[in-house]
Amino acid sequence: MASGHIYCSRLGTLYGFKQFSAAAAPEHSPGQSEAHNGTVLENAHSMSIQGKFEDITEEDLKLFARQNGIKNAGRIIDEVCTAISHFYTYASECQIDDYWKDRIESFLSGLLPSAFGETMKHYLPTVVEPYMTEDGFRVSDVRIVESPRHDFRVDAVIGGKTQKYIAGRKSDLAAEIVRKGRGKMSADDMKALVKRLLLPLERRDAGL
């Protein structure tokens with residue numbers, strides 16, 4: 001194995017395994033505890049750098065590199081950051097479910113320097129600008145939230161009050177939401193859900 005590969009293995013693993021694997025497999029990383037139903041009770045990785053188990057910085061890695069004779073630490077870290085920044089592409093090629101791709105990319109984007117994290121925007125949901133309905137209700141903060149069990153909550157602020165509708169994971173509505181892109185469906189599709197699901201609740205509460 002070439003020395004560069006050895007260095008990537010040694011230093012890249014520190015940056016990637018400590019930060020990336022804990023996020024990429026949040027329910028199955030070493031050093032975590034689980035309940036019998038798979039719920040994570042403790043999200044603490046077991047590997048330390050410079051005696052630290054969290055908040056490990058680039059300087060910590062570079063110091064470790066100097067102490068262990070690893071050359072080109074900065075370049076190696078950049079290579080690892082670049083690889084992590086392409087997570088969404090790799091996950092798509094492996095047919096990872098969109099829910100997990102979005103959740104993991106969101107986490108990873110906060111770990112990388114801004115120059116790399118700026119490219120990781122696939123997870124961002126559709127933003128629906130506030131609007132008025134035909135019968136005079138102001139609608140804002142439209143969201144589609146997916147739970148780890150793949151139930152969905154559609155909610156919005158209508159006339160100053162939050163209305164919400166739950167779609168169980170086995171329902172036709174949940175299947176429709178998945179088909180249209182989950183929280184990244186088009187703004188028009190989101191407005192259609194508000195009209196169909198939430199406006200009737202607001203009209204009921206308003207006695208209309």
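**Strand pairing and nonpolar cores**

Trainee: Why are β3 and β4 called a pair?

Mentor: Two strands pair if DSSP finds at least two bridges between them. Strand β3 (residues 131-132) and strand β4 (residues 138-146) have 2 bridges, in the antiparallel sense. Therefore the definition is met. Strands are DSSP runs (E, at least two residues) and helices likewise (H or I, at least four), numbered from the N terminus.

Trainee: What kind of model is this, and how are residues numbered?

Mentor: This is a predicted model: local features need pLDDT of at least 70, side-chain atom pairs count only at pLDDT 80 or more, and totals for chains, interfaces and linings use all residues. Residues are numbered from 1 along each chain as its sequence is written, and side-chain values use heavy atoms, with hydrogens and water left out.

Trainee: Which residues face each other in β3 and β4?

Mentor: Met 132 has Arg 138 as its bridge partner. Tyr 131 stands opposite Val 139. The two strands form a hairpin with 5 residues between them. In that turn, Gly 136 has a positive phi of about 90°.

Trainee: How do you know that β4 and β5 pair?

Mentor: By the bridges again. β4 and strand β5 (residues 152-158) share 6, in the antiparallel sense. The definition asks for at least two, so they pair. Glu 146 is bridged to Phe 152. Here too the hairpin has 5 residues between the strands, and His 150 in the turn has a positive phi of about 70°.

Trainee: What joins β5 to β6?

Mentor: 7 bridges, with the strands antiparallel. One bridge links Val 157 with Thr 162. This hairpin has 2 residues between its strands, and Gly 159 in the turn has a positive phi of about 60°.

Trainee: What is the strand order, and why are β3 and β6 at the edges?

Mentor: The open sheet of 4 strands runs β3-β4-β5-β6, with antiparallel pairing. β3 and β6 (161-167) each have a single partner strand, so one side of each is left without a neighbour in the sheet.

Trainee: What makes a set of residues a nonpolar core?

Mentor: The members are buried Ala, Val, Leu, Ile, Met, Phe, Trp, Tyr and Cys residues, joined through side-chain atoms within 4.5 Å. Buried means under 20% relative accessible area (1.4 Å probe, protein chains only). The largest core has 22 residues, and Ile 144, Ile 158, Ile 177, Leu 193, Val 194 and Leu 198 touch the most other members. α8 (187-205) gives the most, with 7 residues.

How values were computed
Buried means under 20% relative accessible area, exposed over 50%, partly exposed in between (1.4 Å probe, protein chains only).
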